[in-house]
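Biologist: I would like a close look at one part of this model, centred on a single side chain and the helix that carries it. Please put that part in the context of the chain.

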Amino acid sequence: MNRTGSSANPVSRIPWQIRMFEKSLKKRQKVKLLLDLLGPIADQRCLLITNGDNTGAMNHYFRAAGGRWTWGEMEPRSIPEMAAFLGESVHHVRPEVLPFPDGSFDLVTVIDVHEHLEDVAPFNRELARVVAPGGKAIVTTPNGDTRLPVAVLKRWIGMGPASYGHVVQGYRAEELETMLQTVGLNAERRGAYARFF
């Protein structure tokens, strides 16, 4: 209680992960788009795979949408804090071998992983392996069009892909669709967010 007799500011009780997420327009747009693409997931078996830059806030919003979620993270240093926030286990995943049996998930969501990988083929094969027959995968990457004004500007000021730990800037939708088709994942829909300069 403070001097006026009221309790502490309710904002201070909101976890810092949620407060940070709410300040990021790009992350909010990304999660909104992904939730729209997920549609109703009821009791589906769902997997979210991220690669750093995730405090667990995105997981929090996906979990609230329904489904039975499993969490995978490529960056081991992110895992303890994320697991503590979520109150659930977070698997350390490697792109060459995902630690799940064949056909484990009705829905796999991958957020900004491909651009970090030297070779995307093993990861794509693993994604296809863990998606159940009739299931779906939702995959995001930054736009790989290097002619976009923001991409040109970033390179001009010395912020190329390596500044973000990326091997490439990203992938265009057509490139992503082609690489996923080679492992049997066929495109149904596309989406985009943060489409402004």
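Modeller: What follows starts with the whole chain, turns to Gln 17 and its helix, and ends with some other places in the chain.

The model is predicted. The chain has 197 residues, of which 40% count as buried. Seven helices and five strands make up its list of elements, and their order from the N terminus is α-α-β-α-β-α-β-β-α-β-α-α. Among contacts with a separation of 6 or more, 69% are between residues 24 or more positions apart. The accessible surface of the chain is about 11,300 Å², and carbon and sulfur atoms account for 55% of that surface.

Now to the requested part. Gln 17 belongs to helix 1, which covers residues 16-23. Is Gln 17 buried or exposed? The relative accessible area of Gln 17 is 6%, and the cut-off for a buried residue is under 20%, so Gln 17 counts as buried. The side chain of Gln 17 makes a polar contact of 3.5 Å with the side chain of Trp 16. Leaving aside residues up to four places away in sequence, Gln 17 touches Thr 55, Ala 57, Glu 81 and Phe 85.

One of these partners, Ala 57, leads on to helix 3, residues 57-64. The axes of helix 1 and helix 3 come within 9 Å and cross at roughly 90°. Because angles of 65 to 115 degrees count as roughly perpendicular, helix 1 is described as roughly perpendicular to helix 3. Which residues meet where helix 1 and helix 3 are in contact? From helix 1 they are Gln 17, Ile 18, Phe 21 and Glu 22, and from helix 3 they are Ala 57, Met 58, His 60 and Tyr 61. By class, this contact has five nonpolar, two polar and one charged residues.

Another partner of Gln 17 is Glu 81, and helix 4 covers residues 79-86. Ser 78 lies in the loop between strand 2, residues 68-73, and helix 4. Ser 78 has a relative accessible area of 16% and is therefore buried. Not counting residues up to four places away in sequence, Ser 78 touches Gly 52, Asn 54 and Glu 73. Ser 78 and Gly 52 are 26 residues apart in sequence, and their C-alpha atoms are 6.4 Å apart.

Elsewhere, two loop residues have a positive phi without being glycine. The phi of Ala 42 is about 40°, and Ala 42 sits in the loop between helix 2, residues 25-38, and strand 1. With a relative accessibility of 66%, Ala 42 counts as exposed, since the cut-off for exposed is over 50%. The phi of Asp 112 is near 50°, and Asp 112 lies in the loop between strand 4 and helix 5. Asp 112 has 16% relative accessibility and so counts as buried.

Helix 5 itself covers residues 121-130, and its buried residues include Pro 122, Phe 123, Asn 124, Glu 126, Leu 127 and Val 130. What do the buried residues of helix 5 pack against? They pack against strand 1 (45-50), strand 4 (105-111), strand 5 (131-140) and helix 7 (173-181).

To return to the request: Gln 17 is buried and is one of the helix 1 residues that meet helix 3.

Terms used:
Residues numbered from 1 in each chain as written. Predicted model: local features only at pLDDT ≥ 70, side-chain atom pairs only at ≥ 80, totals over all residues. Heavy atoms only, no water. Helix = DSSP H or I, 4+ residues; strand = E, 2+ residues; numbered from the N terminus. Buried < 20%, exposed > 50% of the residue type's maximum accessible area, 1.4 Å probe, protein only. Polar contact = N/O pair within 3.5 Å; in protein donor to acceptor, adjacent residues only side chain to side chain. Contact = heavy atoms within 4.5 Å. Axes fitted to C-alpha atoms, helices over the stretch in contact; angles between N-to-C directions. Parallel < 35°, antiparallel > 145°, perpendicular 65-115°, else oblique. Nonpolar A, V, L, I, M, F, W, Y, C, P; charged D, E, K, R; others polar. Areas by Shrake-Rupley, 256 points an atom, 1.4 Å probe, with all protein chains shown as cover.
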